[in-house]
Amino acid sequence: HAAHSPQRNRCTRRSQRRSAAAATARLHRRDAQQKALCTQQTLERRMSTGSPPVHRDAMTARAPPARLPTWVAAAFLCGFGVTAALAAVASKEGGQAYPYKVVASTLASETFKICASAAFLTRELLALPSSTDRARALAYTPASVATAAIPGVAYQVLNNLNFVTLYYVDAPTFQILGNLKIVATGLAGQCLLRRRLSRGKWLALGLLTLGAAVSQVAPSGDAAAA
């Protein structure tokens with residue numbers, strides 16, 4: 001009896017695996033039959049109403065989301081990032097003070113961003129095949145709104161501080177030192193979010209920090225004149 005017990009256990013486990021595989025196969029066949037029945041009923045309804053038939057693959061396939069090409073988005077980001085500081089410096093009255101309200105300028109730029117974002121969102125929603133997909137894409141929760149509001153407020157404060165910084169430094173220095181935000185973001189992701197940075201990313205952050213530091217080293221002639 002002891003000699004036949006391991007063999008009996010193996011046979012029992014084998015039969016259990018076969019039963020589980022057979023049950024899974026039956027479920028898959030049932031799902032396939034239900035999908036085929038739903039597709040056939042949809043085709044029959046379209047034929048009865050006089051609508052043109054739709055291929056089954058076209059019924060199940062989702063339209064790809066509308067996206068801007070990467071080079072277009074990169075060009076916009078570079079253009080806005082470079083021209084923002086230059087425009088702020090050029091708008092100074094006599095190279096000293098701003099002849100307008102800095103808060104109003106920041107509000108106008110944020111309003112433009114909202115309008116542009118709404119236009120792109122509308123473009124993506126129109127590319128979705130059904131109203132259900134549009135409602136799912138627009139779904140939100142109070143937690144998600146609060147999560148997006150925190151960096152939004154932080155960016156609003158930062159944009160106002162940019163004008164204060166440009167009051168004391170020139171545009172090239174501001175752009176170079178502003179790139180240190182990338183270093184701060186990388187360190188925050190490593191320390192706070194526990195995101196592991198690769199060796200190449202650490203090297204890039206080091207080179208960026210070194211470049212910002214070297215740019216602030218004045219030549220000997222300028223230092224003597226100062």
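A helix here is a DSSP run of H or I with at least four residues, and helices are numbered from the N terminus. With that in hand, you can find your way to Glu110, which sits in helix α4. The model on your screen is a predicted one, so let's walk through it stop by stop.

**Stop 1: the whole chain**

Colour everything by secondary structure. Which elements should you see? The protein has ten helices and zero strands. Reading from the N terminus, the order is α-α-α-α-α-α-α-α-α-α. Of the 226 residues, 11% count as buried. Now think about who touches whom: among contacts with a separation of 6 or more, 57% are between residues 24 or more positions apart.

**Stop 2: Glu110 and its partners**

Select Glu110 in α4. What is in contact with Glu110, leaving aside its neighbours within four places in sequence? The partners are Gln156 and Asn159. Draw a distance from Glu110 to Gln156, C-alpha to C-alpha: it should read 8.3 Å, although the two are 46 residues apart in sequence.

Next, click on Asn159, which belongs to helix α6. Is Asn159 buried or exposed? With a relative accessible area of 16%, Asn159 is buried, because the cut-off for buried is under 20%. Show its contacts, again skipping neighbours within four places in sequence, and you will find Thr106, Glu110 and Lys113.

**Stop 3: Leu161, along the α6 helix**

Stay in α6 and select Leu161. Its relative accessible area is 46%, so Leu161 is partly exposed. Add Val102 to the selection. Leu161 and Val102 are 59 residues apart in sequence, yet their C-alpha atoms are 9.6 Å apart in space.

**Stop 4: the largest pocket**

Turn on a surface and look for the largest pocket, with a volume of about 1,800 Å³. Which residues are the closest to its centre? Select Phe80, Gly81, Ala84, Lys113 and Asn159; they are the closest of the 43 residues that line this pocket. You have already met Asn159 as a contact of Glu110.

Now colour the helices that build the lining. Those giving two or more residues are α3, α4 (102-127), α6 (142-166), α7 and α8 (180-191). The largest share comes from α4, with twelve residues. If you colour the lining by class, you should get 25 nonpolar, 14 polar and four charged residues.

**Stop 5: where α3 meets α7**

Two of those pocket helices also pack against each other. Select residues 70-90 for α3 and 171-178 for α7. Their axes are 9 Å apart, and the packing angle is about 145°. Rotate the view until one helix is in front of the other: α3 passes α7 in a right-handed crossing.

Which residues make this contact? On the α3 side, show Gly81, Val82, Ala85, Leu86 and Val89; on the α7 side, show Ala171, Phe174 and Gln175. By class, that is six nonpolar, two polar and no charged residues.

**Stop 6: where α8 meets α9**

Move along to α8 and to helix α9, residues 199-215. This pair packs at an angle of about 145°, with axes 9 Å apart. Here the crossing of α8 past α9 is left-handed.

To see the contact, show Leu180, Ile182, Val183, Gly186, Leu187 and Gln190 from α8, together with Trp202, Leu205, Leu208, Thr209 and Ala212 from α9. Sorted by class, the contact has eight nonpolar, three polar and no charged residues.

**Stop 7: the second largest pocket**

Keep Gly186 and Gln190 selected, as both also line the second largest pocket. This pocket holds about 210 Å³ of space. To complete its lining, add Thr185, Ala188, Gly189, Leu192, Leu193, Arg195 and Leu197. The classes come out as four nonpolar, four polar and one charged.

**Stop 8: Arg194 in the loop**

For the last stop, select Arg194, in the loop between α8 and α9. What is phi of Arg194 near? The value is near 60°, which is positive in a residue other than glycine. Most residues other than glycine have a negative phi. Finally, check the surface: Arg194 is exposed, because its relative accessible area is 68% and the cut-off for exposed is over 50%.

Terms used. Residues are numbered from 1 along each chain as its sequence is written. This is a predicted model: local features need pLDDT of at least 70, side-chain atom pairs count only at pLDDT 80 or more; totals for chains, interfaces and linings use all residues. Side-chain values use heavy atoms; hydrogens and water are left out. Axes are lines fitted to C-alpha atoms, for helices over the stretch in contact, and angles run from 0 to 180 degrees between N-to-C directions. A crossing is left-handed if the near helix is turned anticlockwise from the far one by less than a right angle, and right-handed if clockwise. Contact means heavy atoms within 4.5 Å. Ala, Val, Leu, Ile, Met, Phe, Trp, Tyr, Cys and Pro count as nonpolar, Asp, Glu, Lys and Arg as charged, and the others, Gly among them, as polar. On a 1 Å grid over the protein atoms alone, a cavity is a set of points where a 1.4 Å probe fits but cannot get out, and a pocket is an open set with protein on both sides within 12 Å along at least five of seven lines; lining residues have an atom within 4 Å of a point. Grid points are joined across faces, edges and corners, and a volume is the space filled by probe spheres set on the points. Buried means under 20% relative accessible area, exposed over 50%, partly exposed in between (1.4 Å probe, protein chains only).
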